[in-house]
Amino acid sequence: MSQRIYRLQVTKDQLGFAAAHFITMRGKCERLHGHNYRVTVEVEGFLGEDKYVVDFGVLKKHATEIARTLDHRVLLAAENAKIAYSQDEQHITVCYEEKYYVFPLAEVILLPIENTTAELLASYFCAELSERLHHDGVNTLKMVGVWVSEGPGQQAFANIEWPQA
Ligand SMILES: Nc1nc2c(c(=O)[nH]1)N=C([C@H](O)[C@H](O)COP(=O)(O)OP(=O)(O)OP(=O)(O)O)CN2
């Protein structure tokens with residue numbers, strides 16, 4: 001008999017984060033602005049012995065922790081070739097052509113992505129969540145996915161197929 005596949009979703013208030021960002025596109029750099037981002041976690045998998053795919057509590061715990069690392073921060077794309085960064089012990093200077101910002105180091109998060117689009121934020125969040133679930137020994141999953149919304153009606157999804165390589 002074929003094994004049934006289940007899909008779970010977790011959307012909670014604590015899965016939001018308020019952050020500032022800008023993206024570069026087609027030779028332009030957006031003005032620094034902010035969003036009240038919302039995150040929805042979506043996983044697919046098989047039932048384990050306890051008849052869960054994975055405990056909602058486990059998904060909430062990890063996703064809340066990841067969201068907290070992004071909350072009240074300036075999100076910076078460390079892998080953007082058009083943006084130059086320099087830092088001392090307390091500050092980071094961010095340059096795009098003639099424009100530059102100086103931020104307190106503690107108020108930014110440098111992310112291993114090329115741009116802070118909703119797509120790549122979803123991808124980053126998904127990779128972080130996936131790594132934590134892998135570390136917990138979760139073995140019932142087929143897919144881990146994350147939606148990141150910049151605001152109502154505007155969201156991107158990224159996923160990782162399991163088992164991970
Ligand atoms: N596919 C994507 N498109 C855009 C993204 C993105 O992450 N993925 N991001 C932006 C901007 O960074 C911006 O945050 C949103 O821009 P925009 O939708 O143009 O502006 P508003 O939120 O003010 O939209 P309104 O619906 O007009 O209020 C752009 N595109």
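In this briefing, Ala, Val, Leu, Ile, Met, Phe, Trp, Tyr, Cys and Pro count as nonpolar, Asp, Glu, Lys and Arg as charged, and the others, Gly among them, as polar. By these classes, the shell around the ligand has 3 nonpolar, 3 polar and 3 charged residues. The structure is a predicted model, and the protein in it contains 2 helices and 11 strands.

**Overall architecture**

- Along the sequence, the elements of the protein occur in the pattern β-β-β-β-α-β-β-β-β-β-α-β-β.
- A box of roughly 65 × 35 × 30 Å, taken along the principal axes, holds the C-alpha atoms of the protein.
- Of the 165 residues in the protein, 28% are buried.
- Among the contacts in the protein with a separation of 6 or more, 62% join residues 24 or more positions apart.

**Surroundings of the ligand**

- The ligand is surrounded by Ile23, Glu30, Thr117, Ala118, Glu119, Glu150, Gly151, Gln154 and Ala156.
- At least two residues of this shell come from each of α2 (118-135), β10 (141-151) and β11 (154-161).

**The largest nonpolar core**

- The largest nonpolar core comprises 36 residues, and Val39, Ala122, Phe125, Leu129, Val146 and Val148 have the most contacts inside it.
- Each of β1 (6-21), β4 (33-45), α1 (56-70), β5 (73-77), β9 (108-111), α2 and β10 supplies at least two residues of this core.
- Helix α2 provides the largest share of this core, with 9 residues.
- Phe125 is in contact with Val39, Ile66, Val146 and Val148, leaving aside its neighbours within four places in sequence.

Notes
Residues are numbered from 1 along each chain as its sequence is written. This is a predicted model: local features need pLDDT of at least 70, side-chain atom pairs count only at pLDDT 80 or more; totals for chains, interfaces and linings use all residues. Helices (H or I, at least four residues) and strands (E, at least two) are DSSP runs, numbered from the N terminus. A residue is buried if 20 or more other C-beta atoms lie within 10 Å of its own, exposed if 12 or fewer, and partly exposed in between; C-beta atoms are placed from the backbone. Two residues are in contact if their C-beta atoms, placed from the backbone, lie within 7 Å. A residue is near a molecule or strand if its C-beta atom, placed from the backbone, lies within 6 Å of it. A nonpolar core is a set of buried Ala, Val, Leu, Ile, Met, Phe, Trp, Tyr and Cys residues joined through C-beta atoms within 7 Å.
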